[in-house]
Amino acid sequence: MGASKKESVEVDKKKNSKKTQPTKKEKHNTEESVLAQKQEDAATDYKELSADDDSEDYKSVGESEAGDGESSGDEGNHKSGSSEGLAIDGQSEDSEPDQGAEESDSSEDEVAPRNTVGDVPLEWYKDEKHIGYDIAGKKIKKKERQDKLDSFLANVDDSKNWLLSPTRPSYLLYLFFSQYLELSYSIVPISVALCEDHELTERGVKSGLVRGMNSGVYFEMSHIGMTYLVLRPSLGDTTFNGSKSRRKIYDEYNDEEVELTKEETKLVRRMLKGKTPHADFDPYAVLGLVRAIRKGFIKFDKPKEEPRFYMLWGDDASSSEKTGHLSYIPAPKPNMPGHEESYNPSLEYIPTQEEINSYQLMDEEDRPKFIPKRFTSLRSIPAYENAVKDSFERCLDLYLCPRVRKKRINIDPESLKPKLPSRKDLRPYPATCYLEYRGHKGAVMSISAEASGQWIASGSSDGTVRLWEVETCRCIKVWEFGEVVQYVAWNPLPELPILAVTVGQDVFLLNSGLGNEEIQRKVKELLHVETPTAPEDSGNKVSGWSWRQDDEHEGIRLRHFKSVYSVEWHRKGDYFSTVMPADILFFHYHLIAVLFLALESIVLCIVMKSIIFHPTRSIFFVSTKKNVRVYDLLKQKLIKKLETGLREVSSISIHPAGDNIIVGSRDGKLCWFDMDLSSKPYKVLKCHPKDITNVAFHRSYPLFASCSDDCTAYVFHGTVYSDLNQNPLIVPLEILRGHASSDGRGVLDCKFHPRQPWLFTAGADSLIKLYCH
Amino acid sequence: MGTDMDMDGDVEERRVQVRFITKLKPPYKVPKTSIAIPANLTRLGLSTIVNSLLKAGDDEWESQPFDFLIDGELVRLPLEQFLLAKGISAEKVLEIEYIRAVVLQKEDEPSLHDDWVSAVDGSCPRFILTGCYDNLGRVWKAAGECTHILEGHSGAINSVSVVNSEGTDSVAVATASKDETLRLWKFDTEEHSYQPSKIRAFKILRGHNASVQSVAAEASGSMVCSGSWDCTINLWRTNVSDTEGDLVSIKKRKVKNKVEESQLEGEALSTLVGHTQCVSSVFWPEPNTIYSASWDHSVRRWDVEMGKDLSNIFCGKPLSCLHVGGEGSALIAAGGSDPILRIWDPRKPGTSAPTYQFSSHSSWISACKWHSKSLFHLLSASYDGKLMLWDLRTAWPLAIIDSHEDKVLCADWWKGDSVISGGVDSKLCISSGMSVL
C-alpha cells in the first residue's frame with residue numbers, strides 16, 4: 001500500500017512541474033535543449049546496437065525520450081551503481097524540479113541538434129556521467145530514469161503494509177477502475193501456465209496488470225480520492241535505501257518472504273517490460289515468475305558477453321572510414337622494435353666488425369640505420385643520439401607527407417594469363433634433337449630442304465655448299481666456291497632438283513645430281529646457256545647482271561654488280577628473285593634468261609632486306625628496314641604497306657595460306673601480321689634476347705619458328721582459321737637449344753622439314769641440327 | 001627383447017620356398033624338390049644356386065649363367081622386390097623356370113668396307129650379304145672373307161635381300177639403291193677364290209621415281225617387293241625359278257662371257273599405292289601379305305592379290321624399319337625417328353596402341369629384326385651406335401652390343417646365334433655365340 005502511494009506522489013510532483021514547463025520554456029537556454037535532444041538520438045542509436053537492455057544506463061537514457069517524468073538526478077543514479085540504476089526516491093525528489101524543466105525543453109525543440117561527440121562508439125561513455133560533448137565542449141550529461149519495477153520493488157518491501165487491508169492496492173485499483181469508473185481496460189494474464197499453484201494463478205488473473213493506464217490517467221485518479229487508499233502505506237517508506245529488503249516480496253498465503261536476487265529482478269523486469277509500459281507490476285505476478293525461474297521453468301539465454309578487451313591501439317582507419325566527409329588517411333605506423341633493437345640481443349644479431357666496415361662501403365640509402373649492440377644492463381645504455389632527429393623526421397612524415405589512398409585490386413596473376421591450349425594437345429611439334437649434320441668447317445649461313453624432304457642443302461662461310469641426306473646425315477655432295485656462301489634455295493619443283501646459291505656477287509644455279517637419268521638430262525638442258533654473252537655482257541652492264549655457263553660447278557653463274565644477299569624462288573619454279581643490299585630487285589626467268597623487272601620506279605632508295613613470294617597469288621612481299629611492302633607482280637604497283645614498328649627487319653615468312661606473315665627483327669621481336677586485319681601487327685612476340693636471324697612457317701603443320709643469335713630457336717603453334725571472325729591462335733611451344741655461340745652469332749637459319757613436323761637449324765658452330773617431334 | 005631379435009632376424013633373412021623347373025635337356029635339369037632360399041637373392045644368386053645344384057649331380061659341371069622366369073617374366077630385380085612388384089605371394093612354393101642366359105660369347109674382327117654399310121642380310125647361313133654407300137654389294141663368307149662384289153648400281157645401296165637360297169650352290173639376291181633401281185644378282189656360293197669375284201646384275205628393275213628404300217623377297221623367291229621415296233610399293237617378278245631349270249647353262253655362260261652377259265630389264269608387276277610418304281621398309285612373310293612402314297607414320301598390311309591395304313596402324317612418328325615375327329609370326333615390330341621400339345599385336349582388336357614399347361635407345365632406331373626361331377627375342381639397332389637384344393618378357397635389354405663407333409644403320413641375325421650389323425663406321429660387325437633358345 002505504502003509503496004504505490006509513495007510512487008504516485010512522486011509522479012504527481014513531476015507532472016506538476018511539467019505543467020509549468022511552457023512558461024519556463026523561453027527562459028531556458030536553447031543550448032541545453034539541443035543537447036538533450038541530441039542525447040536522445042544517440043541513446044536510441046545505441047539501443048539499436050545493443051539488443052539487450054542489460055546495461056541500464058543506456059536504457060534509462062533511451063527512456064528519457066518518453067519524457068514521463070520520474071527522471072532522477074545525476075547523483076542519485078550513480079549512487080545506485082551501474083548495475084541497477086535504482087534511485088532512491090527521496091534523493092530523486094530533491095533534484096526533480098530542474099531536471100523536469102530541462103527535459104521538457106527537449107521534447108518541443110525545433111532546432112535539429114548536432115552531436116559533436118565525435119565518431120566514437122557510445123560504449124565508451126558507458127561508465128561515464130556524460131554522453132558526449134556539446135558544441136561548446138561541455139559535457140552532455142546522461143539522463144537517467146528509474147524503472148517502475150525498481151520503484152515498485154523498493155516500495156513493496158514492508159510486507160506489513162500489505163497486510164493492512166485484505167484487499168491489496170492493485171486489486172482495489174482494479175475494482176475501482178472496473179466498477180466505479182467503468183473505464184475500458186484489459187486484464188493481461190501473465191504466465192498462467194507457469195504458475196504452479198492455483199491460488200496464485202487465480203489471483204494473478206484477477207489482479208492482472210492494468211493496461212492503457214498511462215500516468216496521466218493515473219494522476220487524475222489519484223486526485224479523485226483513491227490516493228489515500230492506495231498510497232497511504234508507503235508514506236513513511238522514503239527512508240529506505242538500497243538494501244536487500246527492497247527486493248523482498250511477502251507471500252501472505254504461504255506465509256513466506258521471497259527475496260529476489262539481483263539477477264531475478266533483472267529477468268523479471270525484462271519479461272514484463274512489453275506488457276506494462278511504465279506501469280506497476282503486480283507482486284503476485286512477479287512472485288509467480290520468480291518462482292518459475294527458480295524452479296527452472298523459465299530458461300533464459302545467457303546474456304551476450306561483451307568482449308572485455310579491445311585493441312587500445314586498434315586501427316584508426318576502420319572508424320574513420322565510416323564518415324562520409326573528408327576521409328582521414330592514417331599515417332603509416334613506425335616499425336615496432338624487434339629483437340635486434342633489444343639492449344641485449346642474441347649474438348646472431350650482432351654484426352661482426354667486417355660487416356660493420358662493409359656498411360661504410362654501401363650506399364647511404366642501403367646502409368642499415370641501426371647497428372645492434374649489446375649492453376650488460378639497461379643502465380649502461382647511452383642516450384640515443386638520433387632521438388630528436390628521428391622523431392622530427394617522423395613528425396615531418398606525419399603531417400607533411402601527402403597521402404593518397406591507393407586502391408589495390410587483388411587479382412590472381414594466373415587469371416590474367418590468356419587461356420591457352422595445353423602443349424600436349426598441340427603435338428606434334430619439334431622438340432628433341434636426334435640428328436646432327438657434321439661436316440662444315442665454318443658457320444652454316446643458310447639451309448634449304450628439298451621438296452620431298454629427303455635432302456637438304458646448306459651453305460657455309462667455309463665456302464662450300466653441301467648436300468645432305470636427311471635420314472642418315474650423310475653428306476652426298478660438296479661444291480667448293482672459296483667464298484662465303486650467303487644463301488641456298490632449292491627449286492620448289494621436285495622434278496627440277498636445282499639449287500640456287502648466292503656467293504658474293506654471283507648467283508649459281510647448280511645441278512644437285514639427284515634423280516634418274518631423265519631428270520638429269522632435263523636439268524642439264526636447262527642449265528645450259530650458250531656463252532655468246534661477251535658482247536651482251538657489256539651492253540647489259542646497266543641492268544647489272546650477266547648469265548654465264550659455269551663448267552666448274554656444272555651450272556649457271558649470274559654475276560651481279562653488287563654482292564647478292566638472298567635468292568628466292570617463285571612457287572612454280574620458273575622465276576627467282578635476287579636481293580642485293582642495293583635498292584634494286586631483280587627477277588630472273590631462269591630459262592629464257594631475261595625477264596627483267598627493275599623496280600627502281602617503285603622502290604625508291606629503300607634498303608631491302610628480304611623478299612618472299614605469295615604462295616598462291618601474284619603478289620610479293622619486300623621487307624625494307626622498318627616496313628613490309630606488298631606489291632602486285634602483274635600490275636607492278638604497291639598494294640599495301642605493313643608497319644612493323646620494329647627497329648630493323650631481318651627476316652620474313654609467309655603462311656602457306658597467304659594471308660598471314662611473320663616478320664623477325666634485329667631487336668628480338670617477332671611480329672605476326674594478319675593481312676585481313678590491319679597493317680599493324682596482330683601480335684608482337686618478344687622472346688629472343690638477341691637478333692632474330694630467321695623465321696619460318698611450316699608448309700602443312702600449324703607451326704612456325706624463329707631462330708636467333710642467342711643460340712636458340714623457338715617453336716610456336718600458329719593456327720589460322722578459315723573463319724574470318726576468328727583471330728589466329730598463337731601458342732609458344734618449345735625453346736630448342738643445343739647450338740653453341742661462335743663469334744657472337746648463334747643460330748643463323750631455321751627451316752622446317754617440308755613434310756614432317758621437324759625443324760632444321762643451322763648454327764654458327766658449323767652444325768646443322770634436326771629437331772624431331 | 002628376445003622376440004624383437006627374432007623378428008629382426010626374420011626380416012633380414014626372409015626365405016621363400018622355390019622349386020626350379022626347366023625345359024632344358026637333362027644335363028641342365030635339377031631335382032624337382034622345393035628348397036628355401038633367401039628372398040633377397042638376385043639373378044646372380046639364383047644362378048649360383050642352380051649351378052651348385054647341378055654340380056651336386058654332376059661333378060664335372062662347369063658353371064654357366066642362367067636367366068630366371070617367374071610367371072613368364074624375366075627376373076631383373078632382387079627376388080623379394082620382384083615378387084612385391086608383381087604382387088606374387090611368397091607364401092606358397094614358387095616355381096622358377098630357368099633358361100640359359102643370353103651372353104655375348106665372341107666378337108669377330110669387323111669386316112671393313114670402303115664406305116658406310118647401309119644394308120645387311122643374314123637370312124642365308126652360308127653367307128652375309130651387305131650393301132654399301134660405295135654403290136657395291138658384298139657377299140661375305142665369314143668375318144673378313146669377302147667372296148663376291150656386286151657391281152653395277154650408280155647410287156648407294158639402301159637395302160639388300162636374299163631372294164632364293166634354296167639352290168645348293170647358286171643363290172639369287174636383290175638390292176635396292178638410291179639410283180631408283182633394283183637389281184637382281186645371282187652367284188655361286190661354293191665358288192672359291194682368294195680374290196672376291198665381281199658380279200654384274202642379271203636383271204635391273206626400273207619403275208620407281210625416287211630412291212628405293214627397301215626390298216623384301218617373297219618366301220618362295222619368285223617375287224620381290226620394294227618401297228621407295230615415291231610413296232609406292234612395287235612388286236616385281238624375279239624369274240629366278242624360270243631360269244632355275246637351265247641353271248647349268250647359265251653357269252657355263254657366266255664363266256665364258258661374263259662381261260657380255262645380257263642384262264634383263266624388268267618392269268613392275270603391280271604397284272601398291274596408299275602411303276603418302278616415303279615407304280621406308282617392306283616385309284613379305286606370306287605369299288599374300290606384305291607389311292610396309294612409312295614416313296607417313298603408318299604401318300600397313302597389304303593384300304597382294306587385291307592390291308589394297310587391309311589394316312593400318314598409326315604410330316605418330318615416321319617409321320624407318322619394320323619386321324614381323326614372334327608369337328604366331330604376327331607381332332609387328334617397328335622403329336623410326338624416335339628412340340622407342342614399338343611392337344604391335346594386330347590380333348588384338350580395337351587398339352592401335354603398341355603392346356610393347358622398348359625405350360632404352362637414345363636415338364633413332366634404324367633396324368629391328370625378330371629372331372627366326374625364338375618367340376621372344378628381337379634385335380634393334382640405333383643411331384646411338386648400339387645394338388640391343390630384347391626379350392619380350394622383360395622391359396630391359398638382354399644384351400647391349402656396343403661394337404660400333406657411330407650410327408648403326410642395319411642389323412640382322414645370322415645362323416641363329418650371331419648378330420651382324422653395319423654402320424657409319426664402315427664396319428660389318430659379327431657377334432656370335434648367342435644362344436637365345
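In chain B of this predicted model, residues 24 or more positions apart account for 51% of the contacts with a separation of 6 or more. The secondary structure of chain B runs to five helices and 36 strands, and 48% of its 437 residues count as buried. For chain A, 57% of the contacts with a separation of 6 or more come from residues 24 or more positions apart. Chain A has 20 helices and 34 strands, with buried residues making up 39% of its 773 residues.

Sticking with chain B for now, the UniProt record (an unreviewed entry) puts the feature "repeat: WD" at residues 150–195, 205–236, 272–312 and 358–394. Two of these stretches can be looked at in the model. Residues 205–236 of chain B are 0% helix and 59% strand, and the C-alpha atoms at the two ends sit 8 Å apart. Over residues 358–394 of chain B, the figures come to 0% helix and 49% strand, with 9 Å between the end C-alpha atoms.

A closer look at one tryptophan adds some local detail. Trp185(B) is part of strand β14, which covers residues 181–188 of chain B. With 23 other C-beta atoms within 10 Å, and 20 or more being enough to qualify, Trp185(B) is buried. Leaving aside residues up to four places away in sequence, Trp185(B) touches Gly137(B), Leu150(B), Ala172(B), Val173(B), Thr175(B), Ile199(B), Ala201(B) and Phe202(B). As for the last of these, Phe202(B) is 17 residues from Trp185(B) along the chain, and their C-alpha atoms are separated by 5.6 Å.

Turning to chain A, helix α14 spans residues 283–295. Its 13 residues reach 18 Å from the first C-alpha to the last, close to the 18 Å expected at 1.5 Å a residue. The buried residues of α14(A) are Pro283(A), Tyr284(A), Ala285(A), Val286(A), Leu287(A), Gly288(A), Leu289(A), Val290(A) and Ile293(A). Right after α14(A) comes Gly296(A), with a positive phi near 85°.

What does α14(A) pack against? Two packed helices are described by the angle between their axes and the distance between the axes. Here the partner is helix α13 (residues 262–272) of chain A, whose axis comes within 10 Å of the α14(A) axis and crosses it at roughly 120°. That angle falls outside the 65 to 115 degrees that count as roughly perpendicular and is not over 145, so α13(A) and α14(A) are oblique to each other. The crossing of α13(A) past α14(A) is right-handed. On the α13(A) side the contact is made by Glu264(A), Leu267(A), Val268(A) and Met271(A), and on the α14(A) side by Val286(A), Leu289(A), Val290(A) and Ile293(A). Those four α14(A) residues also appear among the buried ones.

Helix α17 of chain A, at residues 387–400, is another story when it comes to cover. Its 14 residues reach 19 Å from the first C-alpha to the last, close to the 20 Å expected at 1.5 Å a residue. Yet α17(A) is hardly covered, with a count of zero for buried residues.

The loops of chain A have their own points of interest. Glu348(A) sits in the loop between α15 (316–320) and α16 (353–361) of chain A. Glu348(A) has 9 other C-beta atoms within 10 Å and is therefore exposed. The C-alpha atoms of Glu348(A) and Pro372(A), which are 24 residues apart along the chain, are separated by 10.0 Å.

Then there is the backbone geometry. Most residues other than glycine have a negative phi, and most peptide bonds are trans. The peptide bond from Arg427(A) to Pro428(A) is cis, with omega near 5°. Pro428(A) belongs to the loop between α18 (413–416) and β7 (432–437) of chain A.

Asp743(A) and Ser766(A) have positive phi values, near 55° for Asp743(A) and near 70° for Ser766(A). Asp743(A) is found in the loop between β31 (729–736) and β32 (747–752) of chain A, while Ser766(A) is in the loop between β33 (759–763) and β34 (768–772) of chain A. Are these two loop residues buried or exposed? Asp743(A) has 10 other C-beta atoms within 10 Å, so this aspartate is exposed. Ser766(A) has 21 other C-beta atoms within 10 Å, so this serine is buried.

Definitions and conventions. Residues are numbered from 1 along each chain as its sequence is written. Chains are lettered from A and ligands numbered from 1 in the order in which they are written. This is a predicted model: local features need pLDDT of at least 70, side-chain atom pairs count only at pLDDT 80 or more; totals for chains, interfaces and linings use all residues. The expected span of a helix is 1.5 Å times one less than its number of residues. A residue is buried if 20 or more other C-beta atoms lie within 10 Å of its own, exposed if 12 or fewer, and partly exposed in between; C-beta atoms are placed from the backbone. UniProt positions are given in the numbering used here, feature names are shortened, and annotations may be inferred rather than shown by experiment. Axes are lines fitted to C-alpha atoms, for helices over the stretch in contact, and angles run from 0 to 180 degrees between N-to-C directions. Angles under 35 degrees count as roughly parallel, over 145 as roughly antiparallel, 65 to 115 as roughly perpendicular and the rest as oblique. A crossing is left-handed if the near helix is turned anticlockwise from the far one by less than a right angle, and right-handed if clockwise. Two residues are in contact if their C-beta atoms, placed from the backbone, lie within 7 Å.
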